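Hi there,

Here is the structure I promised to pass on to you. Please have a look at it first, and then read my notes underneath.

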Amino acid sequence: SRVREAVADQFAMHWPYKQKQTGRDVQRSVLHDVFAAAGAVFGAPTGWERPLWFAATDDERDFPYSYGDQSWWGPARREAEALSTDVALLELSPFAKFDITGGDALGLLQQLCANDVDVEKGRTVYSQMLNRRGGIEADVTVTRRDEQDFRVVSGAATRWKDLAWLRPAHFDADVYDATEDEAVIGVMGPRSRALLQSLTDTDLSATAFPFATSQSMDIAGASVRATRLSFVGELGWELYIPLDPAETVHTALAGIKHAGHYCLDACRMEKGYRHWGHDMGSEDTPLEAGLGFAVAWDKPGGFLGREALSARDVARRLGVRHVLEGSV
């Protein structure tokens, strides 16, 4: 059905964020109903039903396309303000999540990742995976949970592609797709630390829980893996929650504003964060994408695509500055 719609849509108006009509309600997260109750207007940009924005009135649920202001600009602006001044919750369950274990788990990831993932337990590394031409095949974060136990997280739209890229050819490593085993709630904004600290005994101070680290903690009686990352540019945590207690954890966060996919996309663009498939792809190098800081040129053993990357000239560069999170 989606193929027929796509062909028929070739010469129709290609509105920004245009949603397909076929192939809907195929995949929902365990938190779908609670987000719906909070006013979510859903789309399926990656096959998953996910909140595009949250409506405060019935009129805001309409989705007319326009040559002028889009109908969702008002709600998305409201959500962005909450993210920049307060705190908001985001549905991140469609994130692709892969667990890499086995005797060669580190060796596999060191070969595939341009950055150095041989870090201490609990650290999270941002990296690209390159092809032999030095182009970007995947844009991921890698969290080391144990000596040979890693969690790789990538975008929902590239789940199957990235899983195929991770399959080891000559490594003693197991790759498990954990995407549908956990719900993920993003708790983002300058008040995110205060909110979460009121719900857990884990010390969330900047010293005890630095940026790009990951720890287990208890929220509402559930053991949650919290990773201090934020794709919207503000202080924030990603909460990886087993399916059964996911709604309980969300209830513990009740009363907090929500933010949808359109707001997230706007905020990450404002911050200068890249998105594979829009800002960069397999023909672009990390240097052209402004991601040279994520290339560990001198790590032992090198990485796939290193020779080609070092030989390629930077003929063009994405015109967005990269800003690292401060010490908040």
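Below is what I found in it, topic by topic.

Please keep in mind that this is a predicted model. The mean pLDDT of the protein is 93, and 95% of its residues reach 70 or more. One stretch to treat separately is 320–328, where the pLDDT is below 50, although these residues have 22 contacts in the model beyond near neighbours in sequence.

Let me begin with the core. The largest nonpolar core has 28 residues, and those with the most contacts inside it are Val 187, Leu 196, Trp 237, Leu 239 and Leu 253. Among the elements that give two or more residues to this core are helix H2 (32–37), strand E10 (182–188), helix H6 (192–197) and strand E13 (236–242). Leaving out residues up to four places away in sequence, Leu 239 touches, among others, Val 187, Leu 196, Met 217 and Leu 253. Trp 237 also has a charged partner: the charged end of Arg 228 sits over its ring, 5.8 Å from the centre.

Next, the aromatic rings. A search of the whole structure finds 14 aromatic pairs. Tyr 17 and Trp 72 form one that is edge-to-face, with 5.4 Å centre to centre and 80 degrees between the planes. Tyr 17 is in the loop between helix H1 (2–8) and strand E1 (27–28), and Trp 72 is in the loop between strand E3 (48–54) and helix H3 (73–85), so this pair ties together parts that are 55 residues apart in sequence. Tyr 17 is partly exposed at 28% relative accessibility, while Trp 72 is buried at 9%. The rings of Trp 53 and Tyr 262 are 6.0 Å apart at their centres with planes at 35 degrees, so that pair is tilted. Since Trp 53 is in strand E3 and Tyr 262 in helix H8 (residues 261–271), the pair ties together parts that are 209 residues apart in sequence. Both residues are buried. Ring pairs link these four residues into a cluster with Trp 15, Phe 63, Tyr 65, Tyr 67 and Trp 73.

Finally, a charged residue in a buried place: Glu 137, in strand E7 (residues 136–146), has a relative accessible area of 11%. Its side chain makes a polar contact with the side chain of Asn 131 (2.9 Å). Glu 137 is also in contact with Lys 161 and Trp 165, among others, and the charged end of Lys 161 sits over the ring of Trp 165, 6.0 Å from its centre.

Happy browsing, and best wishes!

How values were computed
Residues numbered from 1 in each chain as written. Heavy atoms only, no water. Core = buried A, V, L, I, M, F, W, Y, C linked by side-chain atoms within 4.5 Å. Buried < 20%, exposed > 50% of the residue type's maximum accessible area, 1.4 Å probe, protein only. Helix = DSSP H or I, 4+ residues; strand = E, 2+ residues; numbered from the N terminus. Contact = heavy atoms within 4.5 Å. Polar contact = N/O pair within 3.5 Å; in protein donor to acceptor, adjacent residues only side chain to side chain. pLDDT = per-residue confidence, 0-100. Phe/Tyr/Trp six-rings, centres within 6.5 Å; stacked < 30°, edge-to-face > 60°. Lys NZ or Arg CZ within 6 Å of the ring centre and 35° of its normal.
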